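Let's walk through this one together, a question at a time. Keep the 3D view open and turn it as you read.

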Amino acid sequence: MLSVIARADPLAEPQESPLLRISGNIERTNVGDEAHFDRAMLERLPRRTLATSTVVTDGINHFEGFMLRDLLEWVGADGQRAIASALNDYEIDIPMADFHTFDVLLADTMDGDRLTVRDKGPLWIVYPRDDHAKLQDIRYDYRWVWQLNHLEIQ
């Protein structure tokens, strides 16, 4: 669950270039009818780690970031799906239930290194694939959006 501090804090305007925009059915905004987040804002969320394999890397990787459900709680997201979009215009619908059923991480580091655009960053949706046999299905692999830059809540 989201920390009391983050839940009570208003959404300030980003001081640096936003890494992520959230639009659609959200209660809390800071730029027009959207919520924009720079790195410093995202780093206020409780940090989590996850060790898991991926279909695009070798072996077990150690990811660090924050739970997507915490971010969605912070903005008051209410919907059935999130349309996740990446810098390369990749787009996929993700059921909002995924973020509550599984500990889906929005990672900003992998194996101790900050993710960059060159290596699937700065933000990568990461599922705990090794923790659940169900997640080792190609339908979930498509939901691992790297270079994430926008979520639209519907």
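Q: Which residues are linked with Arg-47 in a network of salt bridges?
A: Keep in mind that this is a predicted model. A salt bridge here needs a side-chain nitrogen of Lys or Arg within 4 Å of a carboxyl oxygen of Asp or Glu. Arg-47 brings the nitrogen side, and its partners in the network are Glu-64 and Asp-108.

Q: How many salt bridges does a search of the whole structure find?
A: The network of Arg-47, Glu-64 and Asp-108 is a good place to begin. Arg-21 and Glu-34 also meet through their side chains, at 2.8 Å from N to O. Over the whole structure, the search comes to 10.

Q: Is Glu-34 buried or exposed?
A: Its salt-bridge partner is Arg-21, with 2.8 Å from N to O. The pair links distant parts of the chain, with Arg-21 in strand β1 and Glu-34 in the loop between β1 and β2, 13 residues apart. Arg-21 is partly exposed, at a relative accessible area of 30%. Glu-34 has 17% relative accessibility, and the cut-off is under 20%, so Glu-34 counts as buried.

Q: How many residues apart in sequence are the parts that Asp-103 and Arg-69 tie together?
A: The side chains of Asp-103 and Arg-69 meet in a salt bridge of 2.2 Å, N to O. Asp-103 sits in the loop between α4 and β7, while Arg-69 belongs to helix α3, so the parts they tie together are separated in sequence by 34 residues.

Q: What is the relative accessible area of Asp-98?
A: Asp-98 and Arg-143 share a salt bridge, 2.7 Å from N to O. Asp-98 lies in helix α4 and Arg-143 in the loop between α5 and β10, so this pair ties together parts 45 residues apart in sequence. Arg-143 counts as buried at 14%. Asp-98 is buried as well, and its value is 5%.

Q: Which residue of β4 stands opposite Ala-51?
A: Look at strand β3 (residues 48–53) and strand β4 (residues 60–67), which pair in the antiparallel sense over six bridges. The hairpin they form has six residues between the strands, and Gly-59 takes a positive phi near 70° there. Across from Ala-51 you'll find His-62.

Q: Which residue in β7 stands opposite Phe-63?
A: β4 also pairs with strand β7 (residues 105–110), in the antiparallel sense over five bridges. In a regular strand, side chains alternate between the two faces of the sheet. The residue facing Phe-63 from β7 is Met-110.

Q: Which residues is Pro-14 in contact with, leaving aside its neighbours within four places in sequence?
A: Start with the loop between α1 and β1, where Pro-14 is found. Its relative accessible area is 18%, so Pro-14 is buried. Thr-52 is 38 residues along the chain from Pro-14, and their C-alpha atoms are separated by 31 Å. The contacts of Pro-14 are Asn-30, Val-31, His-36, Phe-37, Asp-38 and Met-41.

Q: What is the area of the nonpolar surface patch made by Tyr-90, Ile-138 and Tyr-142?
A: To find the patch, look for helix α5 (residues 138–141), where Ile-138 has its place. Residues in such a patch have over 30% relative accessible area and no salt bridge. Together, Tyr-90, Ile-138 and Tyr-142 make a patch of about 300 Å².

Definitions and conventions
Residues are numbered from 1 along each chain as its sequence is written. This is a predicted model: local features need pLDDT of at least 70, side-chain atom pairs count only at pLDDT 80 or more; totals for chains, interfaces and linings use all residues. Side-chain values use heavy atoms; hydrogens and water are left out. Patches are made of residues with over 30% relative accessible area and no salt bridge: like charges are joined within 9 Å, nonpolar side chains (Val, Leu, Ile, Met, Phe, Trp, Tyr) within 5 Å. Accessible areas come from the Shrake-Rupley method with a 1.4 Å probe; for residues, only the protein chains shown count as cover. Helices (H or I, at least four residues) and strands (E, at least two) are DSSP runs, numbered from the N terminus. Two strands pair if DSSP finds at least two bridges between them. Buried means under 20% relative accessible area, exposed over 50%, partly exposed in between (1.4 Å probe, protein chains only). Contact means heavy atoms within 4.5 Å.
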